[in-house]
2 protein chains.
Amino acid sequence: MLKFEEISPSEFFYRNKEIAGFENPTKACYTIVRELVENSLDACEICGILPDIKVVINETGEGDGINKIIKIKVKDNGIGIPKENVPYAFGKVLYGSKFTLRQHRGIFGLGGKMAILYGQITTNNPVKIITSTIGSKLLHFFVMQIDILKNEPNILRYEEFENKEGWHGLIIEFTFLGNYYNSRKKILEYLFQTSILLPYMNLVFMDNYGMLVFKRKSSLLPKIPEETLLHPKGIDLEMLKRLISINKKETLKCFLVKNFQRIGNKIAEDIIKQLNLNPDFPVRKLKDEDIIKLYNIFKNYNFKKPSSKSLSPVGENLIIGIKEIFKPEFIAFNTRKPSSYEGHPFIVETAIAYGGNIPIPSDNEINLFRFANKIPLIYDSYNDVSMKVIKDINWNLYKIDIYKEPIAFFVHICSTKIPYKTLGKEYIANVPELYKEIELSLRKNARKLSAYLNKKRLYEYQKKR
Amino acid sequence: MLKFEEISPSEFFYRNKEIAGFENPTKACYTIVRELVENSLDACEICGILPDIKVVINETGEGDGINKIIKIKVKDNGIGIPKENVPYAFGKVLYGSKFTLRQHRGIFGLGGKMAILYGQITTNNPVKIITSTIGSKLLHFFVMQIDILKNEPNILRYEEFENKEGWHGLIIEFTFLGNYYNSRKKILEYLFQTSILLPYMNLVFMDNYGMLVFKRKSSLLPKIPEETLLHPKGIDLEMLKRLISINKKETLKCFLVKNFQRIGNKIAEDIIKQLNLNPDFPVRKLKDEDIIKLYNIFKNYNFKKPSSKSLSPVGENLIIGIKEIFKPEFIAFNTRKPSSYEGHPFIVETAIAYGGNIPIPSDNEINLFRFANKIPLIYDSYNDVSMKVIKDINWNLYKIDIYKEPIAFFVHICSTKIPYKTLGKEYIANVPELYKEIELSLRKNARKLSAYLNKKRLYEYQKKR
Ligand SMILES: Nc1ncnc2c1ncn2[C@@H]1O[C@H](COP(=O)(O)OP(=O)(O)OP(=O)(O)O)[C@@H](O)[C@H]1O
Ligand SMILES: Nc1ncnc2c1ncn2[C@@H]1O[C@H](COP(=O)(O)OP(=O)(O)OP(=O)(O)O)[C@@H](O)[C@H]1O
Ligand SMILES: [Mg+2]
Ligand SMILES: [Mg+2]
C-alpha cells in the first residue's frame, strides 16, 4: 500500500534547498547575503528612503574544518514590518508583501525564510529580529524559529521597547554553517555591482578581514514604481477567469476598462463588438466559449504598449558606472520601450562597451554583465536568455569577433515579474518576448559599434599609409 | 500600508511556472511528456511490472499560429491510484506517494499537477483520468480541474465502471497549447535514451507524423528498491530534532539503532559513550547541546558506507546501450560503492567511450550523456555537476584532448534524493559529495582509456616504422 501524503511549502523547500540556491556551504553564504540585502533595498525603495544598510559577517572559530559557524547581521533604515506581520514574514514560507504588480526585487515570498531555515538546520539557533515602522513609538524584538513541518512561526521570545530615537527599519541576525572564505569574492562582486547601479545607496560591509564602505554618491532617488494593472496581451485563461469571478457584478465594458491597462472606452467597445455582445452584458454570464474568444482577441489585438509607471529602469547610472570602471573608448546604449509578456510590463536596457580596461575574454568566454530589477546576476550566465541571444547573433554581420576583441555586454531587465529559471534567481528563463526585446536592443548597439570600428579601422589604415 | 498575504503552493507554481520547466511553449511540450512518462515508469517499477506505456500526441488544427492546441494521452499498466487519492494526486500540488526514502523518478509531488495546470491555463479544458489498482473490480473515471488559488481538486464528473478485463494502470488525457514541432526532436531523444537504459520497457509513441515503437528487448526487471533508513553521515539538525521528537519514548540506544542504517548495538554504544551518556538515557531528555554534539559526532564518525537496497543502478544496460549505438573501439566503465550526502545513499556509475561512431565534438562542446534515477537529462548540461567535474579535470595528465578526440562521457547517479538544481529536473546541483564521487569514477575510467590510447599510439608508431 503506497503512502500518499501532502507536505507543507516549508517542508518542500527544506527537502529541496538546492532548488533555492543552497546547494553547498559556499553558495549558501552568497545566497544568504543576497536575500537579506535585497530585502533591505526593497524596504527602502518602496517608500522613497535613501538606503543605509549595514552588513556584518562574523566567522566564529567553530565549525567542521572548512565550514565555519558564521553570524550574519543586516540592518537597514527601511519601512520596517508591522508587529503582527513579523512572525509570518520570517516564519511562513510563501508569505510576503511582494505579490503585487509592481517592480521589486522580491517575488517569491521565500528568500528571507530560506536563509533563516538554512541557519536553523545547520546551527539550531533562532533568528533575532528588531524592527520599527515609520512613526512607530515602539521597537519590536522577536526571537523565533520556523516550524518546518507545519510552515508556521515559532516565537521563542518577544519584547517591546520605547523607540526613543524614532528609528525605523529592520535588523536581522542569525548563525549558519558556511564556507565564507570561498564565497567572499562573489559576495563582494555582487555588492560592488549593486553599488554601481544604485549610487544613492550607502552600504557598510564588515567581516573578519575589515570594513568596506560603498559610499552614497548621489541623493537622487528614482521615482517609486506604482502598482499597475495587467496588460491584456498574453493574459492566460486562468487569470481571465479569476478576474471575471472577482468582478462578477460588473458589466463587460466596466470589467475590461477597470482590470487592464491600455483598455479605454473605445477599445473596450471594439473588443465587445468582436465578441458579438453588448457593453452592458453582465460579465458573470460569459460562457466558456466567450472567455476563450476574449483570450484569443487579447492575444492578437494591437494594444498600445504597457505604461512604465510600475517599472524603474536603471538608465544613466549604468552608463556612468561602465565609464567609471572600464573607461571604454566607445559605448552604445539603448533603452527599449515597454513591452509585455503574460500581462507583465517589462523594459530591456542594454549596452555594448569596447576598449579601455575591458579585457579580451579568455577561451570562449564572453564578458556579459546581467541585471534584473537592479539585482546583479553573478552566477550561471551560460544558460541565461541574454547569453543565448548573444550566441545566436551572427556577429560577422557586424564584423565583430566577440571572442577576440575587448567587448563587454550589459543587459538590464526590469519587470513586475522577472521570469527567473531558478528560485535562487541565478539566471533568466528563455521567454520568447524577452528574447526578442534583448535581441533588438543588442543589435541596435551592435550597429553603432560596428560603425565606430569601421571608422576606426579606416582611420588606422589611412594613418599607416 | 503594505498588503501582506500568503499564497498557496499551486498559486506559487502557477505564477512561477518557468521555475518548473514551462518557460516557453516548446519546452512546455517536452516537460509535459517527461512528467507523464516518468509517472508511468515509477508506477510500473514500484511493483515489479514490465512497463507497457502508450503515448499519443495529437496536434489539433487550432492554436495561435506557431503554437497549436495539442491533445496528449498517456496510458500505462502500472499500479494505478486508489479512488480516494486520485483527486489529490492530480489536483493538489505537493501531494504524492514519493516522499519516501527509496529511489524513484518522482520526488517533488508536483510534476503531474504542473502538466495539468499548464493545460488548464492555456486551454481551459479539464483533465480526464481513468485508473484501476491491481485486483480492483472497478474502473474509476474522473474529469477534473485544479482550483489554483486554493490548491484543491475540483471534480467536474466521476463515474465507476466494471473492470471486466481486470486491467490495472492509469490513463491521463488533457489538452494544452504548445509548440510540438520544435520540441519533437528532444522528446524523441529523451524516449530513445530511456529505452536504452530500460530494455524491459515497451513504449508505443504516436503523433501526427506516425508511430514509433520502443520495443521491449528483455523481460529482466531490476530488483525493486526497498524503503530504507537515513544514513547518519550528513544528517542536519532539523532532521535529528524531528526524529527525536517522533521517538520521544525511546531510549538513546534504541533511537540510534532504529532510526539510522549502519548503526548496530556496538556503534550505538560507542556513540553514546562519546556523549558521556548511558544507553538507557531517555531520548526526550536530550538537551540542545547534546543534540549538537550528536550532530557533530555523526559528521565525523567513520560509519560503514550505506546499503544499496534502496537503490537501483543501471549497470550493464548502460554498456550494452553504448556499444549498440556507438560501437566504440574502447569503453571503460565503473560503478562506485554507495556513498551518502545529507543522509541519502547514492551510487555513481560512469563510462568513457572512445572511437567508433562517436563524433569529434564541435567547437568547445563535450559529448556528455547524463542520467539521474534512470531519467535522461537532455537540457542544460553546461551547469551540471558532471560537466563541472569534466572541465575541472586536467586531461593533459591522461594525454587526452577531450575537445579534439571522439570521446563520449556517460554519468548515471541514482539516489533516494537527486539534488536537482531546477524543478524541471534539467540538471544536478554542485553538491560536494556527488562531485567527489563523479570525479573518482571518471578518473578511474580516464586512466584505463589513457593506457589504451598509449598502447594504440605505440602500436601505430611501430607500424609506421
Ligand atoms: N528588511 C526588511 N524590511 C522590511 N520588510 C522586510 C524586510 N525583509 C523582509 N521583509 C518582509 O518580509 C517579507 C518576506 O520576505 P522574503 O524575503 O521571505 O520574501 P520576498 O522578499 O517577498 O520574496 P523573495 O523570496 O523573492 O525574496 C517581504 O515580502 C517583506 O514584506
Ligand atoms: N501513471 C501513474 N500511475 C500511478 N500513480 C501515479 C501516476 N501518475 C501519478 N501518480 C501518483 O500521483 C502522485 C503525484 O504525481 P506527480 O507527478 O504530481 O508528483 P510525483 O511524481 O510524486 O513527483 P514529481 O513532481 O517529482 O514528479 C505520484 O506520487 C503518484 O502517487
Ligand atoms: Mg526577499
Ligand atoms: Mg511525477
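How much area do chain B and chain A bury between them?

## The size of the interface

This is a predicted model, and a good place to start is where its chains A and B meet. Chain B and chain A bury about 6600 Å² between them, and 56% of that area lies on carbon and sulfur atoms. On the side of chain B, F4(B), F99(B) and K421(B) lose the most area to chain A; together they account for 11% of what that side buries.

The contact draws on 74 residues from chain B and 75 residues from chain A.

## Charged and polar links

Let's look at the links next. Between chain B and chain A the count is 14 salt bridges. One of them joins E426(A) to K421(B), with the closest N and O atoms 3.2 Å apart. K421(B) also appears among the residues of chain B that lose the most area to chain A.

Polar contacts cross the interface too: 37 residue pairs are found, with both residues at pLDDT 80 or more.

## What chain B brings

Several elements of chain B give two or more residues to the side that touches chain A: the strands β1 (5-6) and β4 (95-96), and the helices α1 (9-15), α4 (111-123), α6 (237-246) and α9 (288-300). The largest share, 6 residues, comes from α1(B). Sorted by class, this side of chain B has 35 nonpolar, 22 charged and 17 polar residues.

## Strands that meet across the chains

Strand β1(B) has a partner in the other chain. It is joined by 2 bridges to β4 of chain A (residues 95-96), and the two strands run antiparallel. Within this pairing, E5(B) in β1(B) stands opposite G96(A).

Terms used
Residues numbered from 1 in each chain as written. Chains lettered and ligands numbered in written order. Predicted model: local features only at pLDDT ≥ 70, side-chain atom pairs only at ≥ 80, totals over all residues. Heavy atoms only, no water. Contact = heavy atoms within 4.5 Å. Buried area = accessible area lost by both parts, 1.4 Å probe. Salt bridge = Lys/Arg side-chain N within 4 Å of Asp/Glu carboxyl O. Polar contact = N/O pair within 3.5 Å; in protein donor to acceptor, adjacent residues only side chain to side chain. Helix = DSSP H or I, 4+ residues; strand = E, 2+ residues; numbered from the N terminus. Nonpolar A, V, L, I, M, F, W, Y, C, P; charged D, E, K, R; others polar. Pairing = 2+ DSSP bridges.
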